[in-house]
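Work through these exercises with the sequence and the 3D view side by side. Try each task before you read its solution.

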Amino acid sequence: MSLADLFVIALGLAMDAFAVSVCKGLSVQRMRPRHALICGVWFGAFQALMPLLGYWLGSGFAGFIGSFGHWVAFALLAIIGFNMLRESFGDEEEEVTPDFSPKAMLPLAVATSIDALAVGVSFAAVGTNILAAVALIGLVTLVMSAVGVKIGNLFGTRYKALAERAGGVVLILMGLKTLLQGLGILSL
């Protein structure tokens with residue numbers, strides 16, 4: 001997987017954290033830089049940790065998958081992408097409080113990074129450089145989350161659903177690209 005592919009996947013994965021960060025920004029009356037930093041560090045760290053864990057778990061059966069790795073990567077990315085799309089059209093609103101304590105941030109960080117665990121498994125299936133992938137995913141998520149807090153504080157939740165939809169479409173397209181490359185139809 002190229003660096004450009006990893007960057008696009010990182011953007012797609014970061015969209016959930018971005019959406020929650022927008023809500024966190026909306027929840028505070030007076031945003032301070034530490035609010036953005038707290039969200040960025042929590043979400044970025046977990047978005048980096050989960051694919052690493054997924055890669056480690058997936059490496060155990062990557063040899064078994066062999067020539068079907070591109071199908072596994074496609075299925076996982078497509079499922080995650082369709083789930084993000086489905087959630088973006090839902091009416092349920094997540095309750096986000098202005099609490100930035102570890103007790104409040106840990107469940108949010110885990111919830112927004114579960115998808116990254118499955119992406120880590122797909123990385124193992126296609127032999128991705130995991131160190132480059134987790135560093136890029138963590139950094140992109142850190143920046144997107146910090147920016148999300150500021151946007152939420154300025155504009156509210158107007159962009160939350162759009163961010164989730166964009167992330168879902170990006171992951172589906174990256175899964176399709178991986179499949180087409182694995183089948184030899186696309187050679188980028």
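Buried means under 20% relative accessible area, exposed means over 50%, and partly exposed lies in between (1.4 Å probe, protein chains only). The model is predicted: local features need pLDDT of at least 70, side-chain atom pairs count only at pLDDT 80 or more, and totals for chains, interfaces and linings use all residues. Residues are numbered from 1 along each chain as its sequence is written, and side-chain values use heavy atoms, with hydrogens and water left out.

**Exercise 1. The overall fold**

Task: State how many helices and strands the protein has, and describe its overall dimensions.

Solution.
- Step 1. Count the elements. Helices (H or I, at least four residues) and strands (E, at least two) are DSSP runs, numbered from the N terminus. The protein has six helices and zero strands.
- Step 2. Check the compactness. The radius of gyration is taken over C-alpha atoms, and the globule rule is 2.2 Å times the number of residues to the power 0.38. The protein's radius of gyration is 16 Å, close to the 16 Å that the rule gives for 188 residues, so the protein is as compact as a globular protein of that length.
- Step 3. Box it in. Along the principal axes, the C-alpha atoms fill roughly 55 × 30 × 25 Å.
- Step 4. Look at burial and contacts. Buried residues make up 47% of the 188. Contact means heavy atoms within 4.5 Å. Among contacts between residues at least 6 apart in sequence, 93% join residues at least 24 apart.

**Exercise 2. A helix with a bend**

Task: Compare the span of helix α4 with the expected one, then find where α4 bends.

Solution.
- Step 1. Take the ends. Helix α4 covers residues 102–126, which is 25 residues.
- Step 2. Work out the expected span, which is 1.5 Å times one less than the number of residues. The expected value is 36 Å, and α4 reaches 35 Å from its first C-alpha to its last.
- Step 3. Find the bend, the angle between axes fitted to the seven residues ending at a residue and the seven starting there. At serine 113, α4 bends by about 40 degrees.
- Step 4. Step past the end. Glycine 127, just after α4, has a positive phi of about 75 degrees.

**Exercise 3. The buried salt bridge**

Task: Find the salt bridge, and decide whether its two residues are buried or exposed.

Solution.
- Step 1. Apply the rule: a side-chain nitrogen of Lys or Arg lies within 4 Å of a carboxyl oxygen of Asp or Glu. A search of the whole structure finds one such bridge.
- Step 2. Name the pair. Aspartate 5 and lysine 177 meet through their side chains at 2.7 Å, N to O.
- Step 3. Place the pair. Aspartate 5 sits in helix α1 and lysine 177 in helix α6, 172 residues apart.
- Step 4. Check burial. Aspartate 5 and lysine 177 are both buried.

**Exercise 4. The nonpolar cores**

Task: Name the residues that touch the most other members of the largest core, and say which helix gives the largest share.

Solution.
- Step 1. Recall the rule. A nonpolar core is a set of buried Ala, Val, Leu, Ile, Met, Phe, Trp, Tyr and Cys residues joined through side-chain atoms within 4.5 Å.
- Step 2. List the hubs. In the largest core, of 26 residues, they are Ile9, Leu13, Val119, Phe123, Val140, Met144 and Leu171.
- Step 3. Trace the helices. α1, α2, α3, α4, α5 and α6 each supply at least two residues of this core. The largest share, eight residues, comes from α1.
- Step 4. Look for another core. A second, separate one has 11 residues, including Val20, Ala36, Phe43 and Ala109.
- Step 5. Zoom in on leucine 13, in helix α1. Leucine 13 counts as buried because its relative accessibility is 2%. Beyond four places in sequence, the residues touched by leucine 13 include Asp115, Val119 and Leu171.

**Exercise 5. Two residues of α2**

Task: Are proline 51 and arginine 34 buried or partly exposed?

Solution.
- Step 1. Locate them. Proline 51 is in helix α2, and so is arginine 34.
- Step 2. Read the areas. Proline 51 has a relative accessible area of 0%, so proline 51 is buried. Arginine 34 has 48% relative accessibility, so arginine 34 counts as partly exposed.
- Step 3. Check a partner in space. Proline 51 and alanine 118 are 67 residues apart in sequence and 7.1 Å apart, C-alpha to C-alpha.
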